[in-house]
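Dear colleague,

I am passing on the structure we spoke about, with the sequence alongside. Please look it over first; my notes on what was found follow below.

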Amino acid sequence: MPDYLDSCIFCQIVRGRIPATIVYHDERATAFRDAHPSAPTHILIVPNQHIESLTELEDVELAGHLLQVTRQLAKQLGVENGYRVVTNVGADGGQSVLHLHLHLLAGRKMTWPPG
């Protein structure tokens with residue numbers, strides 16, 4: 001078994017080894033509430049397979065699926081009137097977990113610039 005399955009917190013959440021509030025799961029993606037939310041609605045959408053960041057994402061169908069899951073969750077959670085989708089890439093981009101993830105942020109007015 002590759003080391004990242006044991007060391008990656010998101011791989012562990014996807015496999016049910018670490019508890020999380022799962023709001024969506026299928027064969028390709030899992031979504032769960034962020035443990036340290038930055039907005040009233042803060043969901044993380046991750047591919048079930050370990051992909052370090054957007055830089056390593058080559059599967060166009062998976063990329064589209066992650067965005068469709070995000071759109072579906074926004075509607076399901078009643079925030080489709082306004083939300084932000086963010087992915088951080090690398091240390092300089094603010095990525096703290098080296099597993100590709102999209103942040104769905106909503107429930108308050110978003111400001112610009114973001115950070």
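I begin with a pair of facing residues, since it leads into the strand to which much of this note is given: isoleucine 45 stands opposite leucine 102 in E5. Please bear in mind throughout that this is a predicted model.

The strand E5 (102-106) has partners in two other strands. With E3 it pairs in the antiparallel sense over five bridges, while E4 and E5, which also run antiparallel, are joined by four bridges; in E4's pairing with E5, valine 85 stands opposite leucine 104.

How much of E5 is buried? Five of its five residues are, so the strand is largely enclosed by the rest of the structure. In a regular strand the side chains alternate between the two faces of the sheet. Both faces of E5 are in fact covered, with Leu102, Leu104 and Ala106 buried on one side and His103 and Leu105 buried on the other.

Histidine 103, which lies in E5, deserves a closer look when you open the model. Its relative accessibility is 12%, and because buried means under 20%, histidine 103 counts as buried. Its side chain makes a polar contact of 2.7 Å with the side chain of histidine 42, and a further polar contact, of 3.4 Å, joins the side chains of histidine 103 and histidine 101. Leaving aside neighbours within four places in sequence, the residues in contact with histidine 103 include Asp34, His42, Arg84 and Asn88.

Turning to the helix H3, which covers residues 60-76, the geometry is consistent with its length: at 1.5 Å a residue its 17 residues should span 24 Å, and the end C-alpha atoms are 24 Å apart, which agrees. At the start of H3 a side-chain oxygen of aspartate 59 reaches to within 3.0 Å of the backbone nitrogen of glutamate 61, and just after the helix glycine 78 takes a positive phi of about 75°. The buried residues of H3 are Leu62, His65, Leu66, Val69, Thr70, Leu73 and Ala74. An α-helix has 3.6 residues a turn, so residues three or four places apart point the same way. What covers the buried residues of H3 includes the strands E1, E2, E3, E4 and E5.

Helix and strands come together in the largest nonpolar core, which has 17 residues; those that touch the most other members are Ala31, Ile43, Ile45, Leu66, Val69, Leu73 and Leu104. The elements giving two or more residues to this core are E2, E3, H3 and E5, and the largest share, five residues, comes from H3. Isoleucine 43, when its neighbours within four places in sequence are left aside, is in contact with residues that include Val23, Ala31, Leu73, Leu77 and Leu104. Apart from this core lies another, of nine residues, among them Cys8, Phe10, Leu44 and Val97.

Finally, the cysteines: the structure holds zero disulfides. Cysteine 8 is in none, the nearest cysteine sulfur being that of cysteine 11, 3.7 Å away, and cysteine 11 likewise is in no disulfide, with the sulfur of cysteine 8 as its nearest at 3.7 Å. A disulfide calls for a pair of cysteine sulfur atoms within 2.5 Å. Cysteine 8 counts as buried at 6% relative accessibility, and cysteine 11 counts as buried at 0%.

With best wishes

Key:
Residues are numbered from 1 along each chain as its sequence is written. This is a predicted model: local features need pLDDT of at least 70, side-chain atom pairs count only at pLDDT 80 or more; totals for chains, interfaces and linings use all residues. Side-chain values use heavy atoms; hydrogens and water are left out. The expected span of a helix is 1.5 Å times one less than its number of residues. Buried means under 20% relative accessible area, exposed over 50%, partly exposed in between (1.4 Å probe, protein chains only). Contact means heavy atoms within 4.5 Å. A polar contact is a pair of N or O atoms within 3.5 Å; within protein, one must be able to donate a hydrogen and the other to accept it, and residues adjacent in sequence count only if both atoms are side-chain atoms. A nonpolar core is a set of buried Ala, Val, Leu, Ile, Met, Phe, Trp, Tyr and Cys residues joined through side-chain atoms within 4.5 Å. Two strands pair if DSSP finds at least two bridges between them.
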